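This report walks through the charged side chains and one helix of the structure below, with attention to which residues are covered and which face outward. Please keep the model in view while reading.

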Amino acid sequence: MTPAAGFRFFGGKGGVGKTTIAAATALDAAERGRRVLLISTDPAHSLGDALGRRLSARPTRVATRRGDLAAVELDADRALERWLAARRHPLRTIAARGTYLDEEDVDRLLALSLPGVDELIGLIELHRLATMSSGARRPGERSVAKTPTAITQDVAVDTAPTGHTLRLLAMPETLTRIAGVLGDMLAKHRFLGESLAGEHRRDAADALVAEIEGEARALHTLLRDPARCRFTWVLLPEALALEEAQDGVRALEAAGICVDQLIVNRVTTDVEGCTLCAARVDAEDAVIARVPATFPRQRVSMLPALQREPRGAGALRRLGAALPRATTPPRRRLSAIPRTTRARMAARRPTARIATAAPTRAGRGPGASAWLDALAPPGVRVLVFAGKGGVGKTSAAAAVALALAERRPQARVLALSTDPAHSLGDALEQSLGDEERPVRGVPGLFARELDAEAAFEVRRERYRASVDDVFDALLRGSRFDVAYDRDVIRELIDLAPSGLDELFGILSLVDAVLGRERQAYDLVVLDTAPTGHAVRLLAMPDAALEWVHALLAILLKYRAVVGLGELASDLLDVARDLRDLRALLRDPARTRVVAVSRPAALPRLETVRLLRALRRLAIAVGAMLVNTVTPPGCARCRRAAAGEAREMAALGAAVRAAGGRRYAMISAPVEAPPPRGVDGLIRWLRRWQWRERP
């Protein structure tokens, strides 16, 4: 942990072990006598799963041999509700002074759910929790302990996967801009007070603006003070994880945030001559060899792959104790095996398992899988791949999109990624962007990596012009002084909303499936962000409709002042599209979700929560895909396969117990290195096994 009191963030690509390492580090620090607060900001929390106990948004004490450890799973909606409740009156005042909205309008807007609330409120809430007394509930307690306790010394933050963590850490700048907009709303009132009364008397509204400005400055300073805040980046010894780590660390350093530690997790050890293990070690060695030159300023630690995921205090304690010593590659690696033995092992590897096998295009020769028609029968327009980070959603979505495009040569298929940390292009080994691009060698298949910022900029330019037209009309003979109002509206339009990825992900899906602005696709294969943000995306039609209806009601109420114009027309179109999309997502004949998991405890627990969320949203599940299943091989692989079989059985039982439902289960084998490119993905897909409702 950072020597001075402060924050240690743990970030990285989904599924690399951030939660486990954050929990182990926090427990180790506490048992060295520190007072530690462990916080998860990921909307799909798995911190309680790692600790083996139920957590909530209130600090819960975790038993330690020494020191003090409390753990929290942040509830962003509740945190925002609490923050707004304490400031509702000054917000009403600001709106009354700076807009034409009355209290009814303001209350209606404040009552709506806010897209991207995790990023908006996350830093404010974890700073609040860290600076309050470290009193926490003990096991069995119904409320926070009343006795005074010492202030937290260290804060370990388990973050969401890369893209959303970068948005979280950029939130101080957003808060500064929000304060600027609110300040501009008060500018007319200040001007009138100074003009008519000779002075402006500050009140609660001015204090709120100052509070937000101060909070933004404090958070900005905290994040950039290496004595108080540092970042640990966690990755696996895989090419995609290394590339995402390079992008993420570069972005953090460009923002002035200190990244001083890199942890390479799950490095293969104890190999016994197995061809799969040999291939895995070769692939890992190639990645590990690139780490020192790629991250010359970071302290690098390496942790061995364990037979079982560390869960509970005992396993986390052992992992935490090993972290300070994990500065070199773990011993007993395949590189120690004599060269002649390695050559014999390589010669025995089956060609179906390695990337250098003879190229085979999808749909040609044996292996074109009829089960694809059961997964996505004719009439299905949207096939969503969702699951915990790191389970292989992107590779699975890309493989299925390739196979469906080859199987249905007359169809137009789009593989669409809405994860802000895109890897679809990496999986296909093709450069992608915000425009649909043909996938090389596969007629009828297109791919796109959504750029939410670029999509928002297009709409922003349209609305700027529309606002100028409205205010130019108001100035002609109007009794209103609109100079301040024009500035406020311009700044509101410039302020990128939180939840941008989910909002424009849904709008892009509307365009792709309903064909409002271009030819519609017959099938969209959707590669989503990890679970929490995927659920937020699928719930977006309802949340966005509430906002659209509220904004339309306000526009109609004040149409005599501002007119309706292009914004109202746009909102009506968006409302129509959102209603159509909501109906499509809830129609099991047109939309299916593939819940992707791994045969391990933490992915299993999160998959069950994902299935429950999908039932609440009334969205059908087409199948469960369990990825990276180990085939029998050496003793190590046999032990892994036995543990994975137990996890797969537990997953099926948990799903049936939770909802009384059975789903088809697809088993996808582990590959070393992970499959990439059209040929590699199709070879991998041909080895999948489909079991009908086990």
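In this predicted model, R612 is part of helix α23, which covers residues 601–616. Its relative accessibility of 39% places R612 in the partly exposed class, because that class lies between the 20% limit for buried and the 50% limit for exposed. On the surface, R612 joins R615, R616 and R661 in a patch of positive charge.

**Salt bridges**

The count of salt bridges comes to 28, and three of the pairs are set out here with the separation of their closest N and O atoms.

| Pair | N to O distance |
|---|---|
| R61 and D68 | 3.1 Å |
| R598 and E309 | 3.7 Å |
| R582 and D542 | 3.0 Å |

How covered are the partners in these pairs? R61 is buried, with a relative accessible area of 10%, and D68 is buried as well, at 14%.

For the salt bridge between R598 and E309, the positions in the chain matter: R598 lies in the loop between β14 (591–597) and α23, while E309 lies in the loop between β8 (299–304) and α12 (312–322), so this pair ties together parts that are 289 residues apart in sequence. R598 counts as buried at 17% relative accessibility, whereas E309, with a relative accessible area of 26%, is partly exposed.

The salt bridge between R582 and D542 likewise links distant parts of the chain, since R582 belongs to helix α22 (residues 565–585) and D542 to helix α20 (residues 531–557), with their positions 40 residues apart. Both partners are partly exposed, R582 having a relative accessible area of 27% and D542 one of 25%. Elsewhere, R8, R230, D260 and R299 are joined into one network by salt bridges that share partners.

**Helix α11**

Does the length of helix α11 agree or disagree with the span expected for its residues? Helix α11 runs over residues 275–294, and its 20 residues should span 28 Å at 1.5 Å a residue; the C-alpha atoms at its ends are 29 Å apart, which agrees with that expectation.

Which residues of α11 are buried? They are T275, L276, C277, A278, A279, R280, V281, E284, V287, I288 and V291. As background for reading such a list, an α-helix has 3.6 residues a turn, so residues three or four places apart point the same way. Among the buried residues of α11 are E284, V287, I288 and V291, and the charged side chains R280 and E284 are also in the buried set.

Conventions
Residues are numbered from 1 along each chain as its sequence is written. This is a predicted model: local features need pLDDT of at least 70, side-chain atom pairs count only at pLDDT 80 or more; totals for chains, interfaces and linings use all residues. Side-chain values use heavy atoms; hydrogens and water are left out. Patches are made of residues with over 30% relative accessible area and no salt bridge: like charges are joined within 9 Å, nonpolar side chains (Val, Leu, Ile, Met, Phe, Trp, Tyr) within 5 Å. Accessible areas come from the Shrake-Rupley method with a 1.4 Å probe; for residues, only the protein chains shown count as cover. A salt bridge is a side-chain nitrogen of Lys or Arg within 4 Å of a carboxyl oxygen of Asp or Glu. Lys and Arg count as positive and Asp and Glu as negative; His and the chain ends are not counted. The place of a charge is taken as NZ of Lys, CZ of Arg, CG of Asp or CD of Glu. Helices (H or I, at least four residues) and strands (E, at least two) are DSSP runs, numbered from the N terminus. Buried means under 20% relative accessible area, exposed over 50%, partly exposed in between (1.4 Å probe, protein chains only). The expected span of a helix is 1.5 Å times one less than its number of residues.
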